[in-house]
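Open your viewer and load the model. Keep the selection box handy, and follow each stop in turn.

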Amino acid sequence: MTSLQNPTPGQPGQQSQPNKQGLLQNYAGGPGPAGPGMQGGNGTPPGTPVPGRQGGLLSRSPNPGPPQQPNMPPFNHPGGPPPLPPGGPGNQPWGSPPAPVPAGGNPGWNQQRGPAAPPMGGPGGNPNWGPPPAPMPNAPMNMAGVISPQQSAQPLGFEDGQAIIYSTPNFYLRSAYRPGQPLASLRRPSGQTKMMPKVMPAQGDRVASSETRMMPKVDLSEDVKERRNFKLPVPRWLEIVVVLLGIAASFIAHAYNMFNYPRYELDEGTYMSSAWAIWNGMITPYAYGYGHPPLAWMQIAAGLPLVGGFFTFGTAVNTGRVIMLFYAVGCSLLVYLIVRKMSESRAAALLAMVAFSLSPLSITFQRQVFLDNIATFWLLLSLYFLVIGESRLRFLVMSAVALGISFLSKEVFALFIPAMIYGVWIYTTKFQRKFSMVAYIYTVSSVCSAFILMAVLKSELFPTGWLPWDHIKHLSMIGTFTAQAKRGSAEGSVITMWGAWTSGDFLLMIAGVIAPFLNLFMGIWNRKQLFLALLAASFWLLLLRGGVVLSFYIIPLIPFIAINLAVALDAILRAIARLFYFDLMRSILLVFLTLLLIPYYLLQGNYAYTLAPASIQVQAMTWVRSHVPRNAVVVTNSWAEMDLKHPGGLGVGNESSFPNTLVYPNIDDDATVYNGVLSNNPDRIDYFIADSEMLTYITGDSQGKPQGVDPNDPDKIAKWKDKIDQLYGGGLDAGTTAKLLMRAFFYSQRVATFQAKDHNQDFQIDIFQVVHTTGLPQARIAPDHSGNDSHTGSSTFASTIGSTTNTGGPIPLDRRTIFS
């Protein structure tokens, strides 16, 4: 399309310069008063058609214009458009600003266009427009075939060769028409279309220079400004290398000597047995009592194929510890990322990572197969999604799901839910806060309710007798939680455990008290620090409640102690560096503290890399494999159950397993065991593989005897029987496991002992053989070489036991060592 040009007034026939006004002026002329009806400013009679108005956007708007010259040549005449008179009506120059707004406020007045013509209409003021007028010959048109309503307005300025139509301090509107450049048809793309920039050039400077709500800018001297802003440039690749080195150090620290230290615990064997039950279509090998949600050992079961099976690393517990190793490394990485995001400090994040990963408490407990390690990983993952979410819904949902999985891994992590909801309030914008919190709470509740739904579907939510139709005795979720809440500090108190924790890592435990208090105080100014303090305080309330506290209860608190410590130190050093205008000092001090922690932890926790208390547990299982008949009833702790009861275990080897292996605490809860397998007869038990925990459960003393009573002294047998009644007679029935175990243990003798050093105490495993006092059914033994059947009930086992015991001479066996 040919560009529009105006001749210079007073110079007829001369070609004018291109009109950069663009759409603002589409034909030559100036403003003229519009007459009534269709009368224009050029004296044309009403109803005279105007070219370009039919079907256009402005076809129904009156358009005042200058007087039209008679016999005007076409717009695209080779000689150019004819000259215009020097002025419009009243000898005013063309394109002059519109007249001021008249007093009284004419409703047809427009500040940009001047007075508007009255609207056309039929009789009675009908606003409906009549038929469009016929086109007027020889009238110029714009590129859209529409006469511009602002043909006489002067442009407000030019930007990149385009006319500015409207302008304010923070905004301007410019035309899309470029003078001198032919434009392709709107209906036929020319292929030369270009994308306009989203932000126009220098738009940011214009916004910044306008009068907005900006804080006053204080100019500093150049030297002060340089010192304050100076930071040591750290390339991204260097940070990645440092993080990878930290992860590798965490992996090595947790993996080295993990099969020997710490010793195998009851819970480790229990959860590995539960993982085996998942693969066999059960929740637990015994009756499920709702002590913990089953999702954690489901994750262990899911990880077993990835590491090769239950006995890939020797024992079932060793295989479980390999799975825990990956959870520990994942927690180390999450601790770094969380502190890196919350403090925006690489040095503080590295300090938190080292304090968490290399702490002797972390090395000791994160090696073990505990549900707390799995739940802690999911809790940290939930916190990470929250702090990086920036109020985005998908990250909030992922955080809520991870928090729900943490609860389903161990129910005690419900204590962190209120603090996490407060974190959602902090990390969401005011516009999205209500919706985000509702969505977060709903998602967490939906995931956590799966545990309750399982109890409802099994009709085991309420205890027996709570519902009118429920009269059959059964397990219940509420009953289990009630019993757990009643557990007193006799099993373990926070005062006792505090001594054990400080002996393991004194520095971290002191920081666990001071750092949350510092963040709680500084949370007055920084709500994120308050959020971290509340996370740590949530679990401190559980430990200080006055109930039972076991040593591994500290696991969920370790990462939050490290995070609170790093964030608090970073905030304090940042304030000091601000006074001296030297932020680099803060990073140097944090890195220096990190480097000091590494040798401190290596010296403080050297026992985790040198001691081997679990080795004697392996020796005990190996001894049983070589010296105990396969159909004997063996009572043991749960750490040996999988390796004795299932093919391929360490206690089985290449031979048959021990199908009558019983775990001592589970017998008390399962009537099919003490009534079916044992028949309420202590003489059914053949062997005890006893550690201090098991002996304390049976006799009330870790040495295997009641307080002050020697079980080998015949003169004190009566006192021991009285001790049995004192320990178990008052609170347990006559047929319960504890009394069965006590009676069987009373007639047992020690046949093997294994000892090792365990941190600051001696660890001992004893194997006891029960000397039976009553006759029991005898098993038919395979015939000897002479072809005669043997019914004596004795075997060559009697001749070999003396060479393997640590107590001296051989132990005479009773009439039965093998029974069916």
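This tour visits a helix, a loop residue and two groups of strands. Keep in mind that the model is predicted.

**Stop 1: helix α16**

Select residues 527-543. This is helix α16, with 17 residues. From first C-alpha to last it reaches 25 Å, close to the 24 Å expected at 1.5 Å a residue.

Now add N526 to the selection. This residue caps the N-terminal end of α16. One of its side-chain oxygens lies 3.1 Å from the backbone nitrogen of K528.

How many residues of α16 are buried? The count is 12 of the 17, so the helix is largely enclosed by the rest of the structure. Colour some of the buried ones, including F531, F539 and W540. L530, L532, L535, L542 and L543 are also among them.

What covers these buried residues? Show α6 (316-343), α9 (371-388) and α11 (417-426), which are among the covering elements. Then show α14 (494-504), α15 (506-522) and α17 (557-580), which also belong to the cover.

**Stop 2: T428**

Select T428. You are in the loop between α11 and α12 (433-457). Is T428 buried or exposed? At 4% relative accessibility, T428 counts as buried, because the cut-off for buried is under 20%.

Next, show S391, L396, R433 and S436. T428 touches these four, leaving aside residues up to four places away in sequence. Add E390 too. Its C-alpha is 6.6 Å from that of T428, although 38 residues separate the two in sequence.

**Stop 3: the sheet of β3, β4 and β5**

Select 158-159, 162-168 and 171-174. These strands form an open sheet in the order β3-β4-β5, with antiparallel pairing. Strands β3 and β5 stand at the edges with a single partner each, so one side of each has no neighbour in the sheet.

Zoom in on β4 and β5. They are joined by 4 bridges. Find S167, which stands opposite Y172 in β5.

**Stop 4: strand β10 and its partners**

Select residues 761-770, strand β10. Here 7 of the 10 residues are buried, so the strand is largely enclosed by the rest of the structure.

Add β8 (residues 687-690). It runs antiparallel to β10, and 4 bridges join the two. Look for F688 opposite F768 in β10.

Then add β9 (residues 748-758). This strand is also antiparallel to β10, with 10 bridges joining them. A756 stands opposite F763 in β10.

Finish at the turn. The hairpin of β9 and β10 has 2 residues between the strands. Click on H759, which takes a positive phi near 60°.

How values were computed
Residues are numbered from 1 along each chain as its sequence is written. This is a predicted model: local features need pLDDT of at least 70, side-chain atom pairs count only at pLDDT 80 or more; totals for chains, interfaces and linings use all residues. Side-chain values use heavy atoms; hydrogens and water are left out. The expected span of a helix is 1.5 Å times one less than its number of residues. Buried means under 20% relative accessible area, exposed over 50%, partly exposed in between (1.4 Å probe, protein chains only). Contact means heavy atoms within 4.5 Å. A polar contact is a pair of N or O atoms within 3.5 Å; within protein, one must be able to donate a hydrogen and the other to accept it, and residues adjacent in sequence count only if both atoms are side-chain atoms. Two strands pair if DSSP finds at least two bridges between them.
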